[in-house]
Amino acid sequence: MTGGRRLLRVASLGAALLVWQGLTSLDVNVWLRFEQFPTVGEVAGAFAERAGTGPFWQDLASSLRRIVTGFALAAAAGVAVGTAIARSRIAADVLGPLLEVLRPVPAIALVPVAILLFPSNEQGIVFITCTAAFFPVLVSTRHAVGALTPVWEEAVLTMGGGRARILFSVVLPGALPGIFGGLSVGIGVAWICVISAEMISGEYGVGYRTWQDYTVIDYPGVFVGMVAIGALGWLTSTAVERAGRRLTRWLPAREGAGTARTRTGRGPGRSPRAPLPAAAPAPAGAAGAADARSGPGTFPGQTREVTP
């Protein structure tokens with residue numbers, strides 16, 4: 001990313017903060033009511049105060065642990081089940097109808113089920129987070145695997161490769177761009193559900209603390225929680241996207257992406273393939289004689305024996 005783009009992004013964030021400060025400090029009340037909103041300075045002061053306490057970091061660690069655990073389970077299960085449904089008719093017939101019935105159910109609606117099913121709130125929140133991220137990964141994996149051209153699989157079969165070789169050399173690498181698209185969506189949905197679950201049945205976490213601040217009408221504390229949620233969500237989403245770019249380095253770079261690839265398809269840091277040396281021109285007489293002796297099925301410069 002160029003310096004100009006970084007500056008533009010920082011400027012857009014700064015402009016949003018200035019608008020927020022202006023609307024709240026002037027107590028603007030034109031349909032939207034900003035007179036009860038805390039100012040940027042009040043939120044910054046509350047954030048600095050809480051950042052020096054242990055419970056704040058404990059809440060961050062609890063939410064981050066829950067999201068990482070639930071998302072990792074959802075990623076593994078979603079890729080495995082999505083691949084099985086796309087590759088096996090039996091799996092599609094057995095698992096497909098059940099998953100399609102469960103997929104429209106919001107994960108946050110499973111809070112009563114989690115309370116009844118699991119012995120602790122921690123396990124129930126991880127279950128809700130996993131369920132929220134599972135279906136985006138499942139659907140993206142199923143479509144990505146199903147869209148692969150069969151030519152690659154036939155090539156591996158022709159060279160004697162088995163089903164395991166096809167899976168790990170063709171199917172999963174070819175579906176990686178689509179899989180990471182689902183992972184990027186899943187991490188965002190997982191954050192929505194983990195915060196909601198913490199508000200309903202949590203004991204620790206950013207969502208639990210934000211709801212507690214709302215109940216005692218501590219609006220700067222509420223906005224501190226919102227800022228913490230946004231920062232954690234941005235960090236985890238960025239980590240997923242960078243992992244996706246690293247694992248799909250073989251994809252051609254986008255125009256103007258800042259990481260130019262050579263015409264040979266090699267990535268940065270690798271030298272392009274050296275051009276082949278040009279053939280020395282043959283004398284005119286020799287070229288004419290070669291053309292005269294060549295016939296169908298010969299290459300230029302290749303002679304063919306002629307039987308008189």
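In the predicted model, Gly70 is placed in helix α3. Gly70 has a relative accessible area of 0% and is therefore buried. Apart from neighbours within four places in sequence, Gly70 is in contact with Val126, Thr129 and Cys130. For one of these residues, Thr129, the C-alpha atom is separated from that of Gly70 by 5.2 Å, although the two positions are 59 residues apart along the chain.

The confidence of the prediction was considered next. The pLDDT of the protein averages 82, and 82% of the residues score at least 70. Over residues 256–308, however, the pLDDT is below 50, and this stretch has 23 contacts in the model beyond near neighbours in sequence. Where pLDDT is low, the predicted coordinates should not be read in detail.

The nonpolar interior was then examined. The largest nonpolar core has 47 residues, of which Ile128, Leu183 and Trp191 touch the most other members. Two or more residues are given to this core by each of α2, α3, α5 (111–117), α6 (121–146), α8 (163–201) and α10 (219–247). Helix α8 supplies the largest share of the core, with 15 residues.

The surroundings of Trp191 include both nonpolar and polar partners. When residues up to four places away in sequence are not counted, Trp191 touches Ser63, Leu64, Ile67, Leu232, Gly233 and Thr236. Of these partners, Thr236 is located in helix α10. With a relative accessible area of 13%, below the 20% limit, Thr236 is classed as buried. The side chain of Thr236 makes a polar contact of 2.8 Å with the side chain of Trp191. The side chain of Thr236 also reaches the backbone oxygen of Gly233, at 3.0 Å. Leaving aside neighbours within four places in sequence, the contacts of Thr236 are Leu64, Ile187 and Trp191. Leu64 thus appears among the residues touched by Trp191 and among the contacts of Thr236.

Aromatic side chains were also surveyed. A search of the whole structure finds 8 aromatic pairs. One of them joins Phe47 and Phe56 in an edge-to-face arrangement, with 5.7 Å from centre to centre and 85° between the planes. Phe47 counts as partly exposed at 34% relative accessibility, whereas Phe56, with a relative accessible area of 10%, is buried. Phe134 and Phe135 form another edge-to-face pair, with a centre-to-centre distance of 5.1 Å and an angle of 75° between the planes. Both members of this pair, Phe134 and Phe135, are buried. In addition, Trp20, Phe34, Phe37 and Phe223 are linked into a cluster through ring pairs.

Charged side chains provide a further set of links. Side chains of opposite charge can pair when their charged atoms come close. The structure holds 9 salt bridges. In one of them, the side chains of Asp213 and Arg50 meet with an N to O distance of 2.6 Å. This pair links distant parts of the chain, with Asp213 in helix α9 (residues 206–215) and Arg50 in helix α2 (residues 40–51), 163 residues apart. Asp213 counts as buried because its relative accessibility is 8%.

A salt bridge is also formed between Asp59 and Arg209, whose closest N and O atoms are 2.7 Å apart. Asp59 lies in helix α3 (residues 54–87) and Arg209 in helix α9, so this pair ties together parts that are 150 residues apart in sequence. The two partners fall into separate accessibility classes: Asp59 is buried, at 4% relative accessibility, while Arg209 is partly exposed, with a relative accessible area of 29%.

Helix α3 takes part in a further salt bridge, in which the side chains of Arg87 and Glu153 meet at 3.0 Å, N to O. Arg87 in helix α3 and Glu153 in helix α7 (residues 150–158) are 66 residues apart, and the pair links distant parts of the chain. Arg87 has a relative accessibility of 42% and counts as partly exposed; Glu153, at 25%, also counts as partly exposed. Finally, a network of salt bridges links Arg65, Arg66, Glu122 and Glu198.

Key: Residues are numbered from 1 along each chain as its sequence is written. This is a predicted model: local features need pLDDT of at least 70, side-chain atom pairs count only at pLDDT 80 or more; totals for chains, interfaces and linings use all residues. Side-chain values use heavy atoms; hydrogens and water are left out. A salt bridge is a side-chain nitrogen of Lys or Arg within 4 Å of a carboxyl oxygen of Asp or Glu. Helices (H or I, at least four residues) and strands (E, at least two) are DSSP runs, numbered from the N terminus. Buried means under 20% relative accessible area, exposed over 50%, partly exposed in between (1.4 Å probe, protein chains only). pLDDT is the predictor's confidence in each residue, from 0 to 100. Contact means heavy atoms within 4.5 Å. Rings of Phe, Tyr and Trp (its six-membered ring) pair if their centres lie within 6.5 Å; planes under 30 degrees apart count as stacked, over 60 as edge-to-face and the rest as tilted. A nonpolar core is a set of buried Ala, Val, Leu, Ile, Met, Phe, Trp, Tyr and Cys residues joined through side-chain atoms within 4.5 Å. A polar contact is a pair of N or O atoms within 3.5 Å; within protein, one must be able to donate a hydrogen and the other to accept it, and residues adjacent in sequence count only if both atoms are side-chain atoms.
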